[in-house]
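Here's a quick briefing to read with the model open beside you. It looks at how some helices pack and at a pocket they help to line.

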Amino acid sequence: MEEQKMSLMEHLSELRKRIVVCLVALLIAFVLTFSYSEYIFKLLLFPLNYSPQFSLKEGIVFVPDQKLQNTKLVFLGPAEAFWMNMKIALVSGFVLTIPVIFYQLWRFVSPGLYSHEKKYVLPFVLAATSLFLVGITFCYLIVLPFAMSFLLNYKVGDFLMPMLSVGLYIDFLLKFLLAFGFVFELPILIVITTRMGLITPQTLKKYRRLAIVLAFVAAAIITPTPDAFNQTLMAVPMIILYELGIWVSIILNKKGKKDGGQN
């Protein structure tokens, strides 16, 4: 690691610098996305307008939901539509800024890394950004359409008609999109904790069964529907990501020992 250790004030100054860079990047992205917030809003109507259907021959296909396609989103206050656009722009800007945020995070922790570990900045930023985007895409294309179809059709019949507030609908979607984005960062978290020595891959393998149970418990809490199918859609990726994190940690630990021995 670096021979010269940073003082507490230097750490705080460095942290402030990284946060300022992230906020400036977010502001620029927000200005850009706010200009296109109405188009992004139309994309967010996909889980509402299309119902997923599963078959063994064709897999998962999306068909127009005849019951929900004519559903009009309403706003219940004068400023609700405006704030809806602000939220969409802010979250969209945050997604665009994700590579910058991960890069600044790496720059903040890099003084405490070994010299041979600092070269992993590009793989770290690419992997963390890709996993975040995959999580959002998975939620957008798979989880949310199933969730909306279940919630708006279950025991509704012909005597109930959904009248959705645009603010509540967008809040619902954005929260789950971000939640899945961060959940898919699990391999990165596992790799970091194992590299810091806080836990070992062997310990993670030992408690694999407990991790599977916790994945289904977390899925039951996070997913908006009580049915087992939607919870499985959340739990299975978490289990796969857990295994991926263990596998990558083992490889990097072996490579780190080799590089450390050479240095």
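What follows is a short tour of one pocket and three helix pairs.

Keep in mind that this is a predicted model. The pocket in question is the second largest one, with about 370 Å³ of space. Its lining draws two or more residues from each of α2, α4, α5 and α6, and the helix pairs below are built from α4, α5 and α6.

**The second largest pocket**

- There are 16 lining residues, and those closest to the pocket's centre are I40, S92, V95, I136 and L177.
- If you want to find the helices in the sequence, α2 covers 37-43, α4 covers 80-109, α5 covers 121-153 and α6 covers 166-183.
- α4 gives the largest share of the lining, at five residues.
- What kinds of residue line this pocket? You'll find 13 nonpolar and three polar residues, and no charged ones.

**α4 against α6**

- The two axes come within 9 Å and cross at roughly 10 degrees.
- An angle under 35 degrees counts as roughly parallel, so that is what α4 is to α6.
- The α4 and α6 crossing is left-handed.
- On the α4 side, the contact is made by E80, M84, K87, I88, V91 and F94.
- On the α6 side, the contact residues are V166, G167, L168, I170, D171, L174, L178 and F182.
- By class, this contact has ten nonpolar residues, one polar and three charged.

**α5 against α6**

- Here the axes sit 8 Å apart, and the helices pack at an angle of about 135 degrees.
- That angle makes α5 oblique to α6.
- α5 passes α6 in a right-handed crossing.
- From α5, the residues that meet α6 are L131, F132, G135, I136, F138, C139, Y140, V143, L144, M148 and L151.
- Their partners in α6 are Y169, F172, L173, F176, L177, L178, F180, G181 and F182.
- The α5 and α6 contact counts 18 nonpolar and two polar residues, with no charged ones.

**α4 against α5**

- The axes of α4 and α5 come within 9 Å, crossing at roughly 150 degrees.
- Is the crossing of α4 and α5 left-handed or right-handed? This one is right-handed.
- α4 makes the contact with F94, V95, I98, P99, F102, Y103, L105 and W106.
- α5 brings V121, F124, V125, A128, T129, F132, L133 and I136 to the contact.
- The contact of α4 with α5 divides into 15 nonpolar residues, one polar and no charged.

**Residues that turn up twice**

- I136 is among the residues closest to the pocket's centre, and I136 is also listed in the contact of α5 with α6.
- F94 of α4 is part of the contact with α6 and of the contact with α5.

Key. Residues are numbered from 1 along each chain as its sequence is written. This is a predicted model: local features need pLDDT of at least 70, side-chain atom pairs count only at pLDDT 80 or more; totals for chains, interfaces and linings use all residues. Side-chain values use heavy atoms; hydrogens and water are left out. On a 1 Å grid over the protein atoms alone, a cavity is a set of points where a 1.4 Å probe fits but cannot get out, and a pocket is an open set with protein on both sides within 12 Å along at least five of seven lines; lining residues have an atom within 4 Å of a point. Grid points are joined across faces, edges and corners, and a volume is the space filled by probe spheres set on the points. Helices (H or I, at least four residues) and strands (E, at least two) are DSSP runs, numbered from the N terminus. Ala, Val, Leu, Ile, Met, Phe, Trp, Tyr, Cys and Pro count as nonpolar, Asp, Glu, Lys and Arg as charged, and the others, Gly among them, as polar. Axes are lines fitted to C-alpha atoms, for helices over the stretch in contact, and angles run from 0 to 180 degrees between N-to-C directions. Angles under 35 degrees count as roughly parallel, over 145 as roughly antiparallel, 65 to 115 as roughly perpendicular and the rest as oblique. A crossing is left-handed if the near helix is turned anticlockwise from the far one by less than a right angle, and right-handed if clockwise. Contact means heavy atoms within 4.5 Å.
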